[in-house]
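Work through the exercises below with the sequence and the 3D view side by side. Try each task before reading its solution.

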Amino acid sequence: AATFDGIRWFDVESGKVSASLPCGKSGALLLSSDQRTLVAATPRGVSRWKIDCADATPVIGSETAVHDAVHVGKLVGRDDLATIAWSGWGHPIHVITDHERHFELPDSRGYDHVGMSPNGEWIAATRRFADGVRIWNTGTATLARTVPSVRDAGLAFHPDNTRFVVADNESIREWEIQTGTNRWSIPRRQP
């Protein structure tokens, strides 16, 4: 859990703190699917920690600074967190790959709703005051396509990394990433 003075790791059964990171007020947090890597937005920027959970008490390794980012709003990552990305309040989307390659996605300034495919190959984003969902390929750092959507939409990737779902004020739709084909659409009920 992120707190005002750091990050605390809680034992679910007892509800007690089993480890803590005194890193200042933290915002967005990500925990890898194997629970061995933690990424967090802290006052110092975006950082990564390795975690050893062999015992009941996690042993948290030393902090690795990923980027001295400020204003991190949304933090997303590949399942193992080897590739991570973040957006925030009028800034472009930043990506760091497992090879420590850092880049900004082109034409991504102001996109604040961000999602990443489980394998880290694709990033999709929407923004509050613009229509459409943009899809970037993280391997080439290029915009792959834009699909129609009403502004301020939510999105999620399918586990197979080939499709994603967009929910906006008008409908819920599934899209093919490679072709931009709308697979299905469900209209939202109007009150």
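Two strands pair if DSSP finds at least two bridges between them. Strands (E, at least two residues) and helices (H or I, at least four) are DSSP runs, numbered from the N terminus. This is a predicted model, in which local features need pLDDT of at least 70 and side-chain atom pairs count only at pLDDT 80 or more, while totals for chains, interfaces and linings use all residues. Residues are numbered from 1 along each chain as its sequence is written, and side-chain values use heavy atoms, with hydrogens and water left out.

**Exercise 1. The sheet of S12 to S15**

Task: Find the order of the strands in the open sheet that holds S12, and state which strands stand at its edges.

Solution. Step one: the open sheet has 4 strands in the order S12-S13-S14-S15, with antiparallel pairing. Step two: strand S12 (113-116) and strand S15 (142-147) each have a single partner strand, so one side of each is left without a neighbour in the sheet. Step three: on average, neighbouring strands of this sheet are turned by 20° against each other, direction ignored. For such angles, axes are lines fitted to C-alpha atoms (for helices over the stretch in contact), and angles run from 0 to 180 degrees between N-to-C directions. Step four: inside the sheet, strand S13 (residues 122-127) and strand S14 (residues 130-137) run antiparallel and are joined by 5 bridges. Alanine 124 has isoleucine 135 in S14 as its bridge partner.

**Exercise 2. The sheet of S8 to S11**

Task: Do the same for the open sheet that holds S8, and name a bridge partner in S9.

Solution. Step one: this open sheet also has 4 strands, in the order S8-S9-S10-S11, and the pairing is antiparallel. Step two: strand S8 (74-77) and strand S11 (102-104) are the edge strands, each pairing on one side only. Step three: S8 and strand S9 (residues 84-88) run antiparallel, with 4 bridges between them. Lysine 74 is bridged to serine 87 in S9.

**Exercise 3. From S16 to S18**

Task: Follow the chain from S16 to S18 and describe how the strands are joined.

Solution. Step one: strand S16 (154-157) and strand S17 (163-167) have a loop between them that contains proline 159. The two strands pair in the antiparallel sense over 4 bridges. Leucine 155 is partnered with valine 166, and phenylalanine 157 with phenylalanine 164. Step two: the hairpin of S16 and S17 has 5 residues between the strands, and asparagine 161 in it takes a positive phi near 65°. Step three: S17 pairs with strand S18 (residues 171-176), again in the antiparallel sense, over 5 bridges. A hairpin of 3 residues makes the link, and valine 165 has glutamate 174 as its bridge partner in S18.

**Exercise 4. Two loop residues**

Task: Decide whether proline 159 and serine 149 are buried or exposed.

Solution. Step one: buried means under 20% relative accessible area, exposed over 50%, and partly exposed in between (1.4 Å probe, protein chains only). Step two: proline 159 has 65% relative accessibility, so it counts as exposed. Its C-alpha lies 7.5 Å from that of serine 117, 42 residues away in sequence. Step three: serine 149, in the loop between S15 and S16, has a relative accessible area of 8% and is therefore buried. Step four: the side chains of serine 149 and aspartate 168 make a polar contact (3.0 Å). A polar contact is a pair of N or O atoms within 3.5 Å; within protein, one must be able to donate a hydrogen and the other to accept it, and residues adjacent in sequence count only if both atoms are side-chain atoms. Step five: beyond four places in sequence, the contacts (heavy atoms within 4.5 Å) of serine 149 include Asp131, Val133 and Arg173.

**Exercise 5. The nonpolar cores**

Task: Which residues have the most contacts inside the largest nonpolar core?

Solution. Step one: a nonpolar core is a set of buried Ala, Val, Leu, Ile, Met, Phe, Trp, Tyr and Cys residues joined through side-chain atoms within 4.5 Å. Step two: the largest one has 13 residues, and Ala85, Ile93, Leu105, Ile123 and Trp136 have the most contacts inside it. Step three: strand S10 (91-96), S12 and S13 each supply at least two residues of this core. Step four: a second, separate core has 11 residues, among them Ala124, Ile135, Trp175 and Ile177.
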